[in-house]
Amino acid sequence: MKAAVLFQSVLCLLISPMLLYAQHKPINLLIGTYTNTGKSEGIYVYTFDLQTGDLTYKNKVVSENPSFLTFSPNKRFVYAVNELNKGKGATSAFSYDHDSGALTLLNQQLTEGDDPCNIVTDQTGKHVLVSNYSGGSLTVFGTKEDGSLTERQQLIVHQGSGPDKNRQEKAHVHSATFSPDHQFLLVQDLGTDRIAVYGYNELDNHKPVQLPVHSLVPASAGSGPRLVTFSKDKKYVYLIQEMKSAVTVYRYQQGQLTRVQEISMLSPTFKGAVGAADIHISPDGKFLYASNRGEANDIAIYSINPADGKLTYLKNQSVGGKGPRSFTIAPGGKYVLIANQYTNDVIVFERDSATGFLKNTGKKISVGAPVCLVFE
């Protein structure tokens, strides 16, 4: 008995430092940028210290306007959309080395849709899906064993328009998000004020997005659906509306969305130009954050009611710069990193887990036109 207790004690002494090291070990952060400003060269890799909030430059790869990034499920590859000259769209595949942060181009394929703005992989890593804003379409690529992209497998083009004749003259596909069980794909269309929900079959190696559309979910007229995120319990979907700067809450069940609530992202006293951008939920599922561009340049903070998914407005937090196109919550939820496109910086905020509020740590890095933040 004493021997068993002694063995357990020794084992704990050995394991505890390992767990502590894992918690303190820095992780890699990838930053996508617009290179057409002349202030950046491509994708940047930094290490981020989860305890101190410090960012340290590690590596970069030259790439034209890699404005949105995603990892493969096994973290061996990175995929980026490229907004080429005159709006022409492409997707690049890179091999990725965690230790050095090195990205090596494998190949590039045209998306056959202009101005690609979002990219995701399915949970198998066999398919890469690209949202083409000006093309109003979704492009599906396959992947090879070496991580490179096949030629285009599917091109799904949306039809329709919205009430704003300047910005909603046609379909503008902005993003695609998998349901938690990967049985459905939610495609947000800014131009038509709708979420198109498609069935998804990851076993179909050639046409995984199932046609026709499973359901068309309306958003408010002239709101401009941009991105969605799922609640921690997977029962609710939160849609950020770019043109209206509001969040719509939907109850979710098997590819069907039922509207529950719509709430403004703006401070009660704000009267200026709007332009919502990004949306995320804290790891504990208790708070939702959504970024405002335009003249607001802040983050709207809400608490989430776990009983019905509804949001309660708490406050707006200045982002300390201009154009918060993207932000991300660090693993563990202690820090929030905000990419300000027009002031060319990434700023680190500390998050209060009890109140949900953010505090500028004063720590930041200079990066030309950062528009996407992705932790490894």
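# Briefing on a predicted chain of 28 strands and one helix

In this predicted model, the mean positions of the 36 positive and 33 negative charges of the chain lie 4 Å apart. The chain holds 28 strands and one helix. Its radius of gyration is 21 Å, close to the 21 Å that the globule rule gives for 376 residues, so the chain is as compact as a globular protein of that length. The points below proceed from the whole chain to its nonpolar cores, then to single buried residues and to backbone features.

**Overall dimensions and surface**

- Taken along the principal axes, the box filled by the C-alpha atoms of the chain is roughly 75 × 50 × 45 Å.
- Buried residues make up 56% of the 376 residues of the chain.
- The chain exposes about 16,400 Å², and carbon and sulfur atoms supply 53% of that area.
- Among contacts in the chain with a separation of 6 or more, 48% are between residues 24 or more positions apart.

**Nonpolar cores**

- The largest nonpolar core comprises 18 residues, and those with the most contacts inside it are I31, F48, L55, L337 and V346.
- At least two residues of this core come from each of β1 (27-33), β2 (42-48), β25 (335-340), β26 (345-351) and β28 (370-375).
- Another core lies apart from it and has 17 residues, including Y236, A276, I279 and A300.
- L55, one of the residues with the most contacts inside the largest core, is in contact with L29, Y46, T47, F48, L337, V346, V348 and I365, leaving aside its neighbours within four places in sequence.

**Residue I338 in strand β25**

- I338 is found in strand β25, one of the strands that each supply at least two residues of the largest core.
- The relative accessibility of I338 is 0%, and the residue therefore counts as buried, the limit being under 20%.
- Residues up to four places away in sequence aside, I338 touches I299, V319, P324, S326, F327, D345, V346, I347, F349 and L373.
- One of these contacts is with V319; the C-alpha atoms of I338 and V319 are separated by 7.0 Å, with their positions 19 residues apart along the chain counted as the separation.

**Residue S291 in strand β21**

- S291 belongs to strand β21, which spans residues 287-292.
- At 0% relative accessibility, S291 also counts as buried.
- The residues that S291 touches, not counting those up to four places away in sequence, are I240, M265, A276, A277, D278, D298, I299, P324 and F327.
- Among them is A276, which belongs to the core of 17 residues.
- S291 and G323 are 32 residues apart along the chain, and their C-alpha atoms are separated by 9.0 Å.

**Residue V249 in strand β18**

- V249 lies in strand β18 and counts as buried, with 0% relative accessibility.
- Not counting residues up to four places away in sequence, V249 touches Y236, V237, Y238, T258, R259, V260, Q261, G309 and L311.
- Y236 is one of these partners and is among the residues of the core of 17 residues.
- V249 and F71 are 178 residues apart in sequence, and their C-alpha atoms are 27 Å apart in space.

**Residue T91 in strand β6**

- T91 is part of strand β6, residues 89-96, and is buried, with a relative accessible area of 0%.
- Beyond residues up to four places away in sequence, T91 touches A80, N82, N107, Q108, Q109, T111, I119, V130, F141 and L149.

**Backbone features**

- Most residues other than glycine have a negative phi, and most peptide bonds are trans.
- The peptide bond from L211 to P212 is cis, with omega near 5°, and P212 is found in strand β15, residues 209-218.
- S245, a residue other than glycine, has a positive phi near 55°.
- The loop between β17 (236-241) and β18 (246-253) contains S245, which is buried at a relative accessible area of 0%.
- N344, likewise a residue other than glycine, has a positive phi near 55°.
- The position of N344 is in the loop between β25 and β26, two strands that each supply at least two residues of the largest core.
- The relative accessibility of N344 is 17%; this is under 20%, so N344 counts as buried.

Notes: Residues numbered from 1 in each chain as written. Predicted model: local features only at pLDDT ≥ 70, side-chain atom pairs only at ≥ 80, totals over all residues. Heavy atoms only, no water. Core = buried A, V, L, I, M, F, W, Y, C linked by side-chain atoms within 4.5 Å. Buried < 20%, exposed > 50% of the residue type's maximum accessible area, 1.4 Å probe, protein only. Helix = DSSP H or I, 4+ residues; strand = E, 2+ residues; numbered from the N terminus. Contact = heavy atoms within 4.5 Å. Rg over C-alpha atoms; globule rule 2.2 N^0.38 Å. Areas by Shrake-Rupley, 256 points an atom, 1.4 Å probe, with all protein chains shown as cover. Lys, Arg positive; Asp, Glu negative; His and termini not counted. Charge placed at Lys NZ, Arg CZ, Asp CG, Glu CD.
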